Amino acid sequence: MRCVENPVMRILIISDIHANLTALETVLEDAKNQWEYVWCLGDVVGYGPDPNECVELLRSMPHLCLAGNHDWAALSRLDIRTFNPDARKAVDWTRETLKPENSAYLEALPTQFVIGSYTLVHGSPREPVWEYILEPVIAADNFDHFETPYCLVGHTHQPVIYEKNQSNGETVALQPVYGRKRQLNGRRQIINPGSVGQPRDANPDAAYAILDVETNQWEHRRVPYNIAAVQARMRTVGMPERLVVRLEHGW
Ligand code: ZN
């Protein structure tokens, strides 16, 4: 775990880029001049056709980044027998394609950050690389596993806020309202910005968020990008068709 003083600035929150350079560039253009620092919640690579370009663009910005399960898969740091055959094929291609310096960058990524009021992990605070927080009951079990008011997660590719009601102990899922600032109110929350490069909430637009860590205001955002251009590059490098098609459906 790495601890950092609470910075006074606006943060671009991105997760699950999955080697989709077009989506990443579109997000950066959409959020231009609206942030001073990037927090990336992991899975920079895997599935998409641009692993080196995405790592290099991320490295060119002031940022921190967490390790995701697909980043580790691309480094042969985990057993990919549990991945489905299409995902395995993408992992093999990514491994062969990544330049040594970009693999070294991914190798050095930590699995958790604690920054002021925020804990950052890829999956969940209980299982930082692996666990999918897909429903309130799983979120509820995770509130005991971090100490800050807020925890930011990625991994599911679905934007959401899980909020714990302190009086009755119940955890509810709040759906994102895009383009509107939400004042974080001290209630404990687990917040997912969604996925830049492979959304899985039936909305194919790239998802990201802006967080003002001075005022604790959070804003979920969506932006359409040129999916066909990414699909063409995926076909050129021989990615499985199922992975190519899913981008346009957002699953
Ligand atoms: Zn992912």
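## Helices H4 and H1

In helix H4, the buried residues are Ala87, Ala90, Val91, Trp93 and Thr94. Seen down the axis of H4, these buried residues fall within an arc of 165°, so they line one face of the helix. An α-helix has 3.6 residues a turn, so residues three or four places apart point the same way. On the other side of H4, Pro85 and Glu96 are exposed. The model described here is predicted.

The cover over the buried residues of H4 includes H2, helix H3 (69-74) and helix H8 (241-249). H4 itself runs over residues 85-97, and its 13 residues should span 18 Å at 1.5 Å a residue; the end C-alpha atoms are 18 Å apart, which agrees.

Helix H1 covers residues 21-30, and 7 of its 10 residues are buried, so the helix is largely enclosed by the rest of the structure. Those buried residues are Leu21, Thr22, Ala23, Leu24, Thr26, Val27 and Leu28. Several elements contribute to their cover, among them strand E2 (10-14), helix H2 (51-59) and helix H7 (227-236). Strands E12 (206-212) and E13 (217-223) also cover buried residues of H1. H2 is thus named among the elements covering H1 and among those covering H4.

Each of the two helices has an asparagine cap at its N-terminal end, as the table sets out.

| Helix | N-terminal cap | Backbone nitrogen contacted | Distance from side-chain oxygen |
|---|---|---|---|
| H1 | Asn20 | Thr22 | 3.4 Å |
| H4 | Asn84 | Asp86 | 3.1 Å |

Conventions:
Residues are numbered from 1 along each chain as its sequence is written. This is a predicted model: local features need pLDDT of at least 70, side-chain atom pairs count only at pLDDT 80 or more; totals for chains, interfaces and linings use all residues. Side-chain values use heavy atoms; hydrogens and water are left out. Buried means under 20% relative accessible area, exposed over 50%, partly exposed in between (1.4 Å probe, protein chains only). Helices (H or I, at least four residues) and strands (E, at least two) are DSSP runs, numbered from the N terminus. Contact means heavy atoms within 4.5 Å. A polar contact is a pair of N or O atoms within 3.5 Å; within protein, one must be able to donate a hydrogen and the other to accept it, and residues adjacent in sequence count only if both atoms are side-chain atoms. The expected span of a helix is 1.5 Å times one less than its number of residues. The arc is that of the directions from the helix axis to the C-beta atoms.
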